[in-house]
Amino acid sequence: MRILMFIFIFVSLTQHGDAHGPEGCNHEGGLCRVGNCISGEYLAQFCFEPIILCCKNLPPTATKS
């Protein structure tokens with residue numbers, strides 16, 4: 001019975017919502033992080049929804065001269 005629970009959890013994590021996995025995140029220039037993105041980053045997508053986030057660096061802001 002425990003084995004079935006682990007299989008169910010694994011399948012639900014890999015197939016849930018907008019989760020693209022770490023390969024897609026890294027390929028697009030992001031990093032997978034647990035919990036929150038750090039300062040200077042934004043949530044781009046999920047590596048494994050809703051726990052592991054794919055965070056990318058904020059784009060530089062244009063300054064007027």
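In the predicted model, a hairpin of 3 residues connects strand 2 to strand 3. These two strands, spanning residues 41–48 and residues 52–57 respectively, run antiparallel and are joined by 6 bridges. Within this pairing, Glu-41 stands opposite Asn-57 of strand 3, and Tyr-42 stands opposite Lys-56 of strand 3.

The hairpin belongs to an open sheet of 3 strands, arranged in the order 1-3-2 with antiparallel pairing. Strand 1 and strand 2 form the edges of this sheet, each pairing on one side only. From one strand to the next, the twist averages 40 degrees. The protein chain as a whole contains 2 helices and 3 strands, and these elements follow the pattern α-α-β-β-β along the sequence.

Burial and contacts were then considered for the whole chain. The protein chain comprises 65 residues, of which 20% count as buried. Its exposed area is about 5300 Å², with carbon and sulfur atoms supplying 64% of that area. Among contacts between residues at least 6 apart in sequence, 33% join residues that are at least 24 apart.

The structure holds 3 disulfides. When the bonded cysteines of the protein chain are numbered in sequence order, the pairing reads 1-5, 2-4, 3-6. The three bonds are described in turn below.

Cys-25 and Cys-54 are joined by a disulfide with an S to S distance of 2.0 Å. The pair links distant parts of the chain, with Cys-25 in helix 2 (residues 21–27) and Cys-54 in strand 3, 29 residues apart. The torsion about this S-S bond is about 90 degrees, and the disulfide is therefore right-handed. Both ends lie under the 20% cut-off for burial: Cys-25 is buried at a relative accessible area of 0%, and Cys-54 is likewise buried at 0%.

A disulfide also joins Cys-32 to Cys-47, with an S to S distance of 1.9 Å. Here the parts of the chain that are linked are strand 1 (residues 31–34), which holds Cys-32, and strand 2, which holds Cys-47; the two cysteines are 15 residues apart. Strand 1 and strand 2 are the edge strands of the sheet, and this disulfide links the one to the other. Its S-S torsion is about -85 degrees, so the disulfide is left-handed. With regard to solvent exposure, Cys-32 is partly exposed, having a relative accessible area of 30%, whereas Cys-47 is buried, with a value of 1%.

In the remaining pair, Cys-37 and Cys-55 form a disulfide in which the sulfur atoms are 1.9 Å apart. Cys-37 is located in the loop between strand 1 and strand 2 and Cys-55 in strand 3, so this bond ties together parts of the chain separated by 18 residues in sequence. The torsion about the S-S bond of Cys-37 and Cys-55 is about -85 degrees, which makes the disulfide left-handed. Cys-37 counts as partly exposed at 23% relative accessibility, while Cys-55 is buried, with a relative accessible area of 1%.

Strand 3 thus takes part in two of these connections, one through Cys-54, bonded to a cysteine of helix 2, and one through Cys-55, bonded to a cysteine of the loop between strand 1 and strand 2. Strand 3 also pairs with strand 2 through the 6 antiparallel bridges.

The segment after strand 3 contains Leu-58. With residues up to four places away in sequence left aside, Leu-58 touches Gly-40, Glu-41 and Tyr-42. Two of these partners recur in the ladder between strand 2 and strand 3, where Glu-41 faces Asn-57 and Tyr-42 faces Lys-56. Leu-58 and Tyr-42 are 16 residues apart in sequence, and their C-alpha atoms are 6.2 Å apart in space. Leu-58 is partly exposed, with a relative accessible area of 48%, a value that falls between the limits of 20% for buried and 50% for exposed residues.

Terms used. Residues are numbered from 1 along each chain as its sequence is written. This is a predicted model: local features need pLDDT of at least 70, side-chain atom pairs count only at pLDDT 80 or more; totals for chains, interfaces and linings use all residues. Side-chain values use heavy atoms; hydrogens and water are left out. Two strands pair if DSSP finds at least two bridges between them. Helices (H or I, at least four residues) and strands (E, at least two) are DSSP runs, numbered from the N terminus. Buried means under 20% relative accessible area, exposed over 50%, partly exposed in between (1.4 Å probe, protein chains only). Contact means heavy atoms within 4.5 Å. Accessible areas come from the Shrake-Rupley method with a 1.4 Å probe; for residues, only the protein chains shown count as cover. A disulfide is a pair of cysteine sulfur atoms within 2.5 Å. Axes are lines fitted to C-alpha atoms, for helices over the stretch in contact, and angles run from 0 to 180 degrees between N-to-C directions.
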